[in-house]
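Here are a few short exercises to work through with the model open beside you. Try each task before you read its solution.

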Amino acid sequence: MTLANCLTFLRFVATGPTVYFTVRGALPFGFGFFLLGFTTDLLDGYLARTRREVTPMGKVLDPVADKLLFLGVFASFAVLGRISWEALAGYLVPQLGLGIGAAYLYLKRREIRSAEIPGKAAAGATALAAIALYWSPWGESFFWAAVGANFLSGVYYLLKLLRANGGAREAEKR
C-alpha cells in the first residue's frame, strides 16, 4: 500500500474521534482530530503525484474519505443545533449527485475522474465552513456558502457529463 493511501485510511480513522468529540461538545478535541483528517487530505494527493503513486484505489477512496469526514463534522453540528437538519440535507444533495455521477462514469466507461477547479473550490469552501463551525459564531453562514459552492460544482460536473454523453451519442450515430 502506498503512503498516500495510508494517509487516506488515516482520514477514515480520524473521522470517528472527530464525530465523537464534536457531538460531546469537546470542540477542541473534535477539531484536533478533524485537523488531522484534513491534513491527510492535503498531503495524500500531493504525495501520490510527486511520488508517482497515484492508484485507482486512491482515486476512489480519497473522495469517499473526504465526504465521510465532512459529513461527520456537519452532522455533528446538526446534532448540536449549530446548523439545521435541512441545511445538512442541502449539503448532501450535491454530494449524492456527484457520487451517482462518478459511479455512472465508472460503470459505463471504467473512468475515474480527478477533481477539477470547481470541485477544488467547493472543497475549499467546505473546509472553511467546517473550521468556521468550530471557531466562529458565523459558522452557519460559511456553511451555507459551502452548500452553494457545492451546488455550483455539481451543476458544472452535470453539464460536463451531459455534454460528453451528447458527443458520445453523436459519434454513435455516425
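Buried means under 20% relative accessible area, exposed over 50% and partly exposed in between (1.4 Å probe, protein chains only). The model is predicted, so local features need pLDDT of at least 70 and side-chain atom pairs count only at pLDDT 80 or more, while totals for chains, interfaces and linings use all residues. Residues are numbered from 1 along each chain as its sequence is written, and side-chain values use heavy atoms, leaving out hydrogens and water.

**Exercise 1.** Find which residues of H5 are buried, and compare the expected span of helix H5 with its end C-alpha atoms.

*Solution.* Helices are DSSP runs (H or I, at least four residues), numbered from the N terminus. The buried residues of H5 are Gly119, Ala122, Thr126, Ala127, Ala129, Ala130, Ala132, Leu133 and Tyr134. Next, the expected span is 1.5 Å times one less than the number of residues. For the 19 residues of helix H5 (residues 117-135) that gives 27 Å, and the end C-alpha atoms are 27 Å apart, which agrees.

**Exercise 2.** Work out which aspartates form a salt bridge with arginine 11.

*Solution.* Look for a side-chain nitrogen of Lys or Arg within 4 Å of a carboxyl oxygen of Asp or Glu. Aspartate 41 qualifies, its closest N and O atoms with arginine 11 being 3.7 Å apart. This pair ties helix H1 (residues 3-23) to helix H2 (residues 27-50), parts that are 30 residues apart in sequence. Aspartate 62 also pairs with arginine 11, at 2.4 Å. Here aspartate 62 lies in helix H3 (residues 56-79), so the linked parts are 51 residues apart in sequence. Finally, shared partners join Arg11, Asp41, Asp44, Asp62 and Asp66 into one network.

Notes
Helices (H or I, at least four residues) and strands (E, at least two) are DSSP runs, numbered from the N terminus.
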